Amino acid sequence: IYAGTQPISLPAGWSIFSTYIEPYENNIDSVFSEIVGNTVLVKNQIGLVYYPQYSITLLDTLALGQGYQVKMSSGDTLSVTGIICQPQNSPILLTEGWNTIGYLRQSSANILQMFSSIESNTEIVKDDSGNIYWPQFNFNNIGNMLPGKGYQVKMISADTLVYPAN
């Protein structure tokens, strides 16, 4: 078991982030405490929100393997400290339809490799810049998946994504 800190760059406006760290203090107020002044809104794929300006905390914790949409008033760096996950031991259950997922590896890797085992059930993957991976048409302008980023995935049918080891 290894401990570490992951710096996650959050630009001004909307983006999607994730972490490969299981925070020591996995309370959303603690995780965002150093950048709360620039954080407008954080939400998960089912709509639970953290809205610090209005003391609304329906999203209590960060879940390993999940991606989160975040709106920042200005760019900042979120530092998440805790246990570094072993991606090969952290399967991500994907439901039919849309999912917002995290990237659990410490280094970037080509999305074609990462999704190869579930390609037949994957309809489309999008990043927060509008780039897509569309397996049915052999189209990929995402390229590499990146640590700290989150992705929206539309599944044809449910499946399980397992990233290879770091």
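Which residue in β5 is the bridge partner of Val 42? In this model, which is predicted, the partner of Val 42 in β5 is Tyr 50, and this pair is a useful place to begin looking at how the strands are arranged.

## Strand β4 and its partners

The pair of Val 42 and Tyr 50 belongs to the contact between β4 and β5, two strands that run antiparallel and are joined by two bridges. Together, β4 and β5 make a hairpin with five residues between the strands, and in this hairpin Gly 47 takes a positive phi near 95°.

Strand β4 is also joined to β7, again in the antiparallel sense, and here there are four bridges. Within this pairing, Thr 39 stands opposite Met 72, which lies in β7. As a general point, the strands of a sheet pair through backbone hydrogen bonds, and they may do so in either a parallel or an antiparallel way.

## A sheet of three strands

An open sheet is formed by three strands in the order β1-β8-β3, with antiparallel pairing. Its edge strands are β1, covering residues 3–10, and β3, covering residues 21–23, each of which pairs on one side only. On average, and with direction ignored, neighbouring strands of this sheet are turned by 55° against each other.

The pairing of β1 with β8, a strand that spans residues 76–84, is antiparallel and extends over eight bridges. To find one position in this pairing, the reader can look for Thr 5, which stands opposite Thr 81 in β8.

## A nonpolar patch on the surface

Five residues, namely Ile 46, Leu 48, Tyr 54, Ile 56 and Leu 58, make a nonpolar surface patch of about 500 Å². One of them, Leu 48, is found in the loop between β4, which covers residues 39–43, and β5, which covers residues 49–51. Is Leu 48 buried or exposed? Leu 48 counts as partly exposed, because its relative accessibility is 32%, and the range for this class lies between the limit for buried, under 20%, and the limit for exposed, over 50%.

## The loop that holds Ala 63

Another loop, between β6 (residues 56–57) and β7 (residues 68–72), is the place of Ala 63. With a relative accessibility of 37%, Ala 63 also counts as partly exposed.

Ala 63 can also be compared in position with Asn 26: along the sequence these two residues are 37 residues apart, while in space they are 8.8 Å apart, taken from C-alpha to C-alpha.

How values were computed: Residues numbered from 1 in each chain as written. Predicted model: local features only at pLDDT ≥ 70, side-chain atom pairs only at ≥ 80, totals over all residues. Heavy atoms only, no water. Pairing = 2+ DSSP bridges. Axes fitted to C-alpha atoms, helices over the stretch in contact; angles between N-to-C directions. Patch = residues over 30% accessible without salt bridge, like charges linked within 9 Å, V, L, I, M, F, W, Y side chains within 5 Å. Areas by Shrake-Rupley, 256 points an atom, 1.4 Å probe, with all protein chains shown as cover. Salt bridge = Lys/Arg side-chain N within 4 Å of Asp/Glu carboxyl O. Buried < 20%, exposed > 50% of the residue type's maximum accessible area, 1.4 Å probe, protein only.
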